[in-house]
Amino acid sequence: MGDKKFGAGLLDLLFPRECGGCGRTGTLWCRECAELMRDHPVQLSPRVDPGVPVWALGRYDGPGRRSVIEMKERGRRDLSTPLGIAVAGALATLERWGELGTGIRDPIVLVPAPTRARAARSRGGDPVRRVAESVREKRETGSAVARPIRVCPILRMTRGVRDSVGLSAADRVTNVNGRVSLDTTAITSMAQDCDIVVLDDVLTTGATAAESVRALSLSGIRTTLVLVLAGA
Ligand SMILES: [Zn+2]
(Lines give C-alpha, C1' and ligand atoms only; values in the text may rest on other atoms or scores of the structure.)
Protein backbone atom coordinates (compact mmCIF):
# COMPACT_ATOMS: atom_id res chain seq x y z
CA MET A 1 0.00 0.00 0.00
CA GLY A 2 1.46 3.36 -1.01
CA ASP A 3 1.88 6.09 1.60
CA LYS A 4 -0.66 8.25 -0.18
CA LYS A 5 -3.31 5.54 -0.12
CA PHE A 6 -2.55 4.74 3.48
CA GLY A 7 -2.87 8.44 4.33
CA ALA A 8 -6.24 8.63 2.61
CA GLY A 9 -7.43 5.53 4.48
CA LEU A 10 -6.37 7.04 7.78
CA LEU A 11 -8.15 10.29 6.94
CA ASP A 12 -11.32 8.34 6.16
CA LEU A 13 -11.08 6.72 9.54
CA LEU A 14 -10.62 10.02 11.35
CA PHE A 15 -13.04 12.08 9.24
CA PRO A 16 -15.43 9.68 7.50
CA ARG A 17 -16.36 10.89 4.05
CA GLU A 18 -20.05 11.37 3.54
CA CYS A 19 -21.95 11.91 0.32
CA GLY A 20 -23.13 15.53 0.29
CA GLY A 21 -26.38 14.49 -1.36
CA CYS A 22 -27.58 11.49 0.68
CA GLY A 23 -25.16 10.98 3.56
CA ARG A 24 -23.89 7.53 2.61
CA THR A 25 -20.33 7.07 3.80
CA GLY A 26 -17.17 6.36 1.85
CA THR A 27 -17.67 8.98 -0.85
CA LEU A 28 -18.06 12.76 -1.06
CA TRP A 29 -20.65 12.54 -3.86
CA CYS A 30 -22.16 9.21 -4.86
CA ARG A 31 -23.14 8.06 -8.32
CA GLU A 32 -26.86 7.96 -7.53
CA CYS A 33 -26.88 11.59 -6.39
CA ALA A 34 -24.88 12.59 -9.47
CA GLU A 35 -27.48 10.84 -11.64
CA LEU A 36 -30.40 12.47 -9.84
CA MET A 37 -28.87 15.94 -10.13
CA ARG A 38 -28.08 15.33 -13.79
CA ASP A 39 -31.74 14.73 -14.51
CA HIS A 40 -33.63 17.29 -16.60
CA PRO A 41 -34.09 20.75 -15.12
CA VAL A 42 -37.64 21.64 -14.06
CA GLN A 43 -39.41 24.92 -14.73
CA LEU A 44 -40.74 26.74 -11.67
CA SER A 45 -43.62 29.19 -11.26
CA PRO A 46 -42.49 31.35 -8.33
CA ARG A 47 -44.99 33.42 -6.38
CA VAL A 48 -43.01 36.55 -7.24
CA ASP A 49 -42.61 36.41 -11.01
CA PRO A 50 -39.25 37.77 -12.17
CA GLY A 51 -40.62 38.08 -15.72
CA VAL A 52 -38.15 35.58 -17.18
CA PRO A 53 -38.22 31.77 -17.14
CA VAL A 54 -37.07 30.21 -13.87
CA TRP A 55 -35.49 26.75 -13.89
CA ALA A 56 -34.18 24.46 -11.16
CA LEU A 57 -31.89 21.45 -11.26
CA GLY A 58 -34.61 19.79 -9.23
CA ARG A 59 -37.06 20.26 -6.39
CA TYR A 60 -35.93 21.18 -2.90
CA ASP A 61 -35.75 17.61 -1.69
CA GLY A 62 -33.32 14.67 -1.88
CA PRO A 63 -29.74 15.47 -2.91
CA GLY A 64 -30.70 19.00 -4.06
CA ARG A 65 -31.85 19.98 -0.60
CA ARG A 66 -29.18 18.18 1.33
CA SER A 67 -26.27 19.41 -0.79
CA VAL A 68 -27.40 23.04 -0.50
CA ILE A 69 -27.65 22.74 3.28
CA GLU A 70 -24.29 20.95 3.51
CA MET A 71 -22.69 23.62 1.35
CA LYS A 72 -24.25 26.64 3.04
CA GLU A 73 -24.60 25.63 6.65
CA ARG A 74 -21.84 23.07 7.09
CA GLY A 75 -19.17 24.60 4.90
CA ARG A 76 -18.83 21.70 2.46
CA ARG A 77 -16.77 23.59 -0.12
CA ASP A 78 -16.04 20.37 -2.02
CA LEU A 79 -19.68 20.26 -3.18
CA SER A 80 -19.18 23.19 -5.54
CA THR A 81 -17.52 20.77 -7.98
CA PRO A 82 -20.34 18.19 -8.39
CA LEU A 83 -22.94 20.98 -8.28
CA GLY A 84 -20.97 22.86 -10.94
CA ILE A 85 -21.05 19.76 -13.12
CA ALA A 86 -24.82 19.49 -12.56
CA VAL A 87 -25.32 23.16 -13.51
CA ALA A 88 -23.18 22.69 -16.65
CA GLY A 89 -25.39 19.74 -17.61
CA ALA A 90 -28.57 21.76 -17.00
CA LEU A 91 -27.26 24.62 -19.16
CA ALA A 92 -26.54 22.17 -21.98
CA THR A 93 -30.08 20.78 -21.71
CA LEU A 94 -31.63 24.27 -21.64
CA GLU A 95 -29.58 25.17 -24.70
CA ARG A 96 -30.86 22.08 -26.48
CA TRP A 97 -34.43 22.98 -25.51
CA GLY A 98 -34.03 26.44 -27.05
CA GLU A 99 -34.15 28.28 -23.70
CA LEU A 100 -30.77 29.86 -24.39
CA GLY A 101 -29.45 31.54 -27.51
CA THR A 102 -27.91 29.36 -30.17
CA GLY A 103 -24.71 31.23 -31.06
CA ILE A 104 -22.00 28.71 -30.35
CA ARG A 105 -19.42 31.45 -29.71
CA ASP A 106 -21.74 33.60 -27.58
CA PRO A 107 -20.85 33.39 -23.91
CA ILE A 108 -23.20 32.33 -21.18
CA VAL A 109 -22.68 34.82 -18.36
CA LEU A 110 -23.44 33.45 -14.91
CA VAL A 111 -24.46 36.17 -12.47
CA PRO A 112 -24.57 34.81 -8.91
CA ALA A 113 -27.62 36.06 -7.01
CA PRO A 114 -26.58 38.50 -4.28
CA THR A 115 -25.91 37.33 -0.79
CA ARG A 116 -25.61 39.32 2.41
CA ALA A 117 -21.94 40.22 2.83
CA ARG A 118 -21.87 39.16 6.46
CA ALA A 119 -23.49 35.80 5.73
CA ALA A 120 -20.95 35.14 2.96
CA ARG A 121 -18.06 36.05 5.27
CA SER A 122 -19.26 33.74 8.01
CA ARG A 123 -19.54 30.93 5.45
CA GLY A 124 -16.02 31.49 4.14
CA GLY A 125 -17.16 33.03 0.86
CA ASP A 126 -20.23 32.86 -1.30
CA PRO A 127 -21.10 29.23 -2.14
CA VAL A 128 -23.16 30.17 -5.21
CA ARG A 129 -20.24 32.06 -6.64
CA ARG A 130 -18.02 29.03 -6.04
CA VAL A 131 -20.49 26.82 -7.93
CA ALA A 132 -20.49 29.33 -10.82
CA GLU A 133 -16.67 29.37 -10.90
CA SER A 134 -16.73 25.60 -10.92
CA VAL A 135 -19.07 25.59 -13.95
CA ARG A 136 -16.54 27.74 -15.76
CA GLU A 137 -13.66 25.46 -14.79
CA LYS A 138 -15.62 22.38 -15.89
CA ARG A 139 -16.27 24.08 -19.20
CA GLU A 140 -12.53 24.49 -19.63
CA THR A 141 -11.85 20.84 -18.89
CA GLY A 142 -14.55 19.73 -21.32
CA SER A 143 -18.14 19.57 -20.15
CA ALA A 144 -21.48 19.29 -21.87
CA VAL A 145 -21.67 23.07 -22.47
CA ALA A 146 -19.93 24.03 -25.65
CA ARG A 147 -20.31 27.79 -25.24
CA PRO A 148 -17.85 29.94 -23.28
CA ILE A 149 -18.87 30.50 -19.66
CA ARG A 150 -18.17 33.72 -17.81
CA VAL A 151 -18.87 34.54 -14.19
CA CYS A 152 -19.86 38.11 -13.31
CA PRO A 153 -20.51 38.57 -9.59
CA ILE A 154 -21.96 42.06 -9.95
CA LEU A 155 -25.09 41.90 -7.78
CA ARG A 156 -24.96 43.25 -4.26
CA MET A 157 -27.40 43.10 -1.38
CA THR A 158 -27.64 46.51 0.22
CA ARG A 159 -27.49 46.95 3.98
CA GLY A 160 -30.52 46.18 6.06
CA VAL A 161 -31.40 42.84 4.51
CA ARG A 162 -32.04 40.21 7.14
CA ASP A 163 -31.25 36.53 6.85
CA SER A 164 -34.36 35.02 5.28
CA VAL A 165 -34.34 31.99 7.59
CA GLY A 166 -37.49 32.09 9.70
CA LEU A 167 -39.17 34.87 7.71
CA SER A 168 -42.67 34.42 6.34
CA ALA A 169 -43.23 34.51 2.58
CA ALA A 170 -44.54 38.09 2.74
CA ASP A 171 -41.63 39.21 4.93
CA ARG A 172 -39.15 37.62 2.52
CA VAL A 173 -40.52 39.78 -0.27
CA THR A 174 -40.38 43.09 1.64
CA ASN A 175 -36.98 42.08 3.02
CA VAL A 176 -35.32 42.28 -0.41
CA ASN A 177 -37.59 44.80 -2.14
CA GLY A 178 -35.36 47.40 -3.79
CA ARG A 179 -32.37 46.06 -1.89
CA VAL A 180 -30.42 44.51 -4.75
CA SER A 181 -27.94 46.77 -6.48
CA LEU A 182 -25.43 46.46 -9.25
CA ASP A 183 -21.71 46.99 -8.93
CA THR A 184 -21.42 48.84 -12.23
CA THR A 185 -17.64 49.13 -11.92
CA ALA A 186 -17.49 45.35 -12.11
CA ILE A 187 -19.52 45.01 -15.31
CA THR A 188 -17.16 43.42 -17.78
CA SER A 189 -17.66 41.05 -20.66
CA MET A 190 -21.38 41.77 -20.89
CA ALA A 191 -21.14 41.73 -24.66
CA GLN A 192 -24.22 41.73 -26.82
CA ASP A 193 -25.52 38.29 -27.69
CA CYS A 194 -24.53 36.99 -24.27
CA ASP A 195 -27.02 34.89 -22.41
CA ILE A 196 -27.35 36.26 -18.89
CA VAL A 197 -28.21 33.56 -16.37
CA VAL A 198 -28.89 34.55 -12.76
CA LEU A 199 -27.73 31.65 -10.58
CA ASP A 200 -28.96 31.02 -7.04
CA ASP A 201 -29.00 28.11 -4.61
CA VAL A 202 -32.64 27.86 -3.54
CA LEU A 203 -35.76 29.58 -4.77
CA THR A 204 -38.60 29.96 -2.29
CA THR A 205 -40.76 33.01 -3.07
CA GLY A 206 -38.70 34.19 -6.05
CA ALA A 207 -38.24 37.62 -4.44
CA THR A 208 -34.44 37.64 -4.65
CA ALA A 209 -34.51 36.37 -8.24
CA ALA A 210 -37.04 39.04 -9.22
CA GLU A 211 -35.02 41.82 -7.57
CA SER A 212 -31.86 40.55 -9.28
CA VAL A 213 -33.49 40.59 -12.72
CA ARG A 214 -34.90 44.06 -12.00
CA ALA A 215 -31.51 45.47 -10.87
CA LEU A 216 -29.87 44.11 -14.03
CA SER A 217 -32.58 45.48 -16.30
CA LEU A 218 -32.26 48.95 -14.71
CA SER A 219 -28.71 48.89 -16.09
CA GLY A 220 -29.92 47.74 -19.48
CA ILE A 221 -28.91 44.10 -18.98
CA ARG A 222 -31.56 41.65 -20.11
CA THR A 223 -31.65 38.38 -18.20
CA THR A 224 -32.31 35.28 -20.27
CA LEU A 225 -33.32 33.02 -17.41
CA VAL A 226 -32.89 32.28 -13.72
CA LEU A 227 -31.39 28.92 -12.72
CA VAL A 228 -31.40 27.62 -9.15
CA LEU A 229 -29.93 24.47 -7.66
CA ALA A 230 -33.18 23.59 -5.92
CA GLY A 231 -36.70 24.97 -6.17
CA ALA A 232 -38.97 24.86 -3.16
ZN1 LIG B 1 -25.45 10.34 -2.47
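Helices are taken here as DSSP runs of at least four residues, numbered from the N terminus. In this predicted model, Thr93 falls within helix α4, which spans residues 80-96. Thr93 is buried, because its relative accessibility is 7% and the limit for burial is 20%. Beyond its neighbours within four places in sequence, Thr93 is in contact with His40 and Pro41.

Helix α6 covers residues 127-140 and contains Glu137. Glu137 has a relative accessibility of 41% and so counts as partly exposed. Its C-alpha atom lies 9.5 Å from that of Ile85. In sequence, Glu137 and Ile85 are 52 residues apart.

The metal site comes next. A zinc ion is coordinated by the SG atoms of four residues: Cys19, Cys22, Cys30 and Cys33. The coordination distance is 2.3 Å. Along the chain, these donor residues follow the spacing C-x2-C-x7-C-x2-C. The angles subtended by the four donor atoms around the zinc ion run from 104 to 113°. The arrangement is therefore tetrahedral, since the criterion asks for all angles between 85 and 135 degrees.

The accessibility of the zinc donors was examined residue by residue. Cys19 is buried, with a relative accessible area of 1%. Cys33 is buried at 2% relative accessibility. Cys30 is likewise buried, at 5%. Cys22 has a relative accessible area of 34% and is partly exposed, because this value lies between the 20% limit for burial and the 50% limit for exposure. No disulfides occur in the structure: the count is zero. A disulfide is a covalent bond between the sulfur atoms of two cysteines.

The strands form an open sheet. Six strands take part, in the order β1-β2-β8-β7-β3-β4, and their pairing is mixed. The edges are formed by β1 (42-44) and β4 (149-151), each of which pairs on one side only. From one strand to the next, the twist averages 35°. Helix α8, residues 207-218, packs on this sheet. Helix α8 touches both β7 (195-203) and β8 (225-231). The direction of helix α8 makes about 155° with that of β7.

Strands of a sheet pair through backbone hydrogen bonds, either parallel or antiparallel. Both senses are found here, as the mixed pairing indicates. At one edge, β1 and β2 (residues 54-56) run antiparallel and are joined by three bridges. Within this pair, Leu44 has Val54 of β2 as its bridge partner.

Strand β7 pairs with β8 and with β3. With β8, the sense is parallel and the pairing extends over six bridges. Here Val202 stands opposite Ala230 in β8. Strand β3 (residues 108-112) also runs parallel to β7, and five bridges join the two. Val109 stands opposite Ile196 of β7 in this pairing. Strand β7 itself is mostly covered, with nine of its nine residues buried.

Conventions:
Residues numbered from 1 in each chain as written. Predicted model: local features only at pLDDT ≥ 70, side-chain atom pairs only at ≥ 80, totals over all residues. Heavy atoms only, no water. Disulfide = S-S within 2.5 Å. Buried < 20%, exposed > 50% of the residue type's maximum accessible area, 1.4 Å probe, protein only. Donors = N, O, S within 2.8 Å, 3.2 Å for Na, K, Ca; no water. Tetrahedral: all angles 85-135°; square planar, octahedral: opposite > 155°, others 65-115°. Pairing = 2+ DSSP bridges. Axes fitted to C-alpha atoms, helices over the stretch in contact; angles between N-to-C directions. Contact = heavy atoms within 4.5 Å.
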